[in-house]
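Me: I want the reasoning behind the labels on this model. Take me through helices, cavities and pockets, one at a time.

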Amino acid sequence: MENNLLYVSPSPHIHGGDSISKNMYGVLIALIPALLVSLYFFGLGALIITVTSVAACVLFEYLIQRFLMKKKPTICDGSAILTGVLLAFNLPSNLPIWIVLIGALAAIGIGKMSFGGLGNNIFNPALVGRVFLLISFPAQMTTWPVVDALNAFPMTYTDAETGATVLSLINEGVTQLPSYSDLIVGVKGGSLGEVSAVALLLGFAFLLWKKIITWHIPVSILATVFVFTGIMHLVNPEQYVNPFIHLLSGGLLLGAIFMATDYVTSPMSKNGMLVYGVGIGLLTSVIRLFGSYPEGMSFAILIMNALTPLINSYIKPKHFGGGK
């Protein structure tokens with residue numbers, strides 16, 4: 001009798017070969033160049049922060065699913081690992097381990113599992129952890145080790161020499177900034193994963209090649225920041241730096257490529273993605289130029305994450321077979 005049953009399911013009926021784990025591990029592969037650069041410049045600190053963050057995120061997700069939610073753990077799908085890597089990439093390499101653990105708990109416990117787990121979270125979990133730590137421990141989260149291009153894999157950790165980031169220097173009115181070559185390669189202070197533009201762009205190319213993401217969100221963010229900061233630079237070049245400095249500084253590339261493009265927290269339609277990206281670019285530029293924080297990328301993404309349901313409700317993709 002069971003063999004004669006007719007099973008009805010919604011479209012699509014053609015499987016494209018994609019899966020959660022495949023895309024998650026694909027993003028992790030794209031992050032390898034940035035990880036290698038961070039290990040080169042930050043050495044032992046980068047290794048400790050990354051391993052701690054990943055292990056803590058996986059452990060917290062397992063414990064919450066197993067003992068609080070009473071469901072089968074899904075730590076093998078790669079999402080907890082990716083959250084751990086992205087959280088680490090948003091942290092200084094000299095951050096104490098106990099603060100990293102708190103950030104991982106906030107990312108997984110508050111940013112992800114409190115909404116029901118993967119696919120239900122409103123905000124990017126790694127950014128929830130990062131902003132939670134920035135607000136709770138502002139001194140530790142804004143103390144950046146100095147990058148030495150000639151000192152490969154430094155063995156210093158919490159006692160590393162510290163200095164200011166490029167955006168902090170801009171915010172303080174300092175005119176002597178790193179060269180474009182240093183900004184592109186990564187010879188500058190900052191969080192683990194944000195220092196090297198070329199490493200992040202290599203990851204971007206890989207994601208586009210594998211069709212894990214599309215160009216709409218990253219390009220709209222970068223274009224908006226470039227245009228807005230470029231206009232301000234033309235209006236007052238003595239007060240506002242060249243827009244290329246903004247593109248190559250801070251967490252703009254990391255956020256635009258790897259965090260704003262999160263499937264769950266970004267719009268579904270291409271037009272919605274463009275609106276979402278422009279919103280992130282505008283908010284980032286306004287915070288950087290007029291706010292007290294030198295960096296605004298994390299706040300901008302979280303704000304637009306909250307607006308994603310509204311964007312989806314007003315800018316809907318054309319249904320299959322529909323007209324213009």
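Reply: What follows takes each label, sets the value against the definition and concludes. The model is predicted.

Me: Start with helix 11. How do you know whether its span fits the expected one?

Reply: Helix 11 covers residues 216-235, which is 20 residues. The expected span is 1.5 Å times one less than the number of residues. For helix 11 that comes to 28 Å, and its first and last C-alpha lie 28 Å apart. The span is therefore close to the expected one.

Me: What makes a residue of helix 11 buried, and which residues are buried?

Reply: Buried means under 20% relative accessible area. The residues of helix 11 that pass include His216, Ile217, Pro218, Ser220, Ile221 and Leu222. Thr224, Val225, Thr229, Gly230, Met232 and His233 are buried too.

Me: Which helices do those buried residues pack against?

Reply: Their partners are helix 10 (197-209), helix 12 (243-248), helix 13 (252-259), helix 14 (270-290) and helix 15 (297-314).

Me: Now the empty space. Why is a space called a cavity and not a pocket?

Reply: In a cavity a 1.4 Å probe fits but cannot get out, whereas a pocket is an open set. Two cavities here reach 30 Å³ or more. The largest cavity holds about 80 Å³. It has 13 lining residues, and closest to its centre are Asn90, Glu194, Gly251, Met297 and Ser298. Helix 6 (125-136), helix 13 and helix 15 each give at least two residues to this lining.

Me: How does the lining of the largest cavity divide by class?

Reply: Five residues are nonpolar, five polar and three charged. Gly counts as polar and Met as nonpolar, so Gly251 and Met297, both in this lining, fall in those two classes.

Me: What about the second largest cavity?

Reply: Its space is about 40 Å³. Among its 14 lining residues, Glu194, Leu200, Leu248, Gly250 and Leu253 lie nearest the centre. Helix 13 gives the most to this lining, with three residues. By class, the lining has eight nonpolar, four polar and two charged residues.

Me: And the largest pocket: which residues and elements line it?

Reply: The largest pocket holds about 400 Å³. It has 25 lining residues, with Met24, Leu82, Leu118, Asp262 and Tyr263 nearest its centre. Helix 1 (20-30), helix 4 (79-89), helix 6 and helix 13 each give two or more residues.

Me: How many residues of its lining are nonpolar?

Reply: There are 16, beside seven polar and two charged residues. Tyr counts as nonpolar and Asp as charged, so Tyr263 and Asp262 are placed accordingly.

Methods:
Residues numbered from 1 in each chain as written. Predicted model: local features only at pLDDT ≥ 70, side-chain atom pairs only at ≥ 80, totals over all residues. Heavy atoms only, no water. Helix = DSSP H or I, 4+ residues; strand = E, 2+ residues; numbered from the N terminus. Buried < 20%, exposed > 50% of the residue type's maximum accessible area, 1.4 Å probe, protein only. Contact = heavy atoms within 4.5 Å. 1 Å grid on protein atoms, 1.4 Å probe; cavity = no way out; pocket = protein on both sides within 12 Å on 5 of 7 lines; lining within 4 Å. Points joined across faces, edges and corners; volume = space filled by probe spheres on them.
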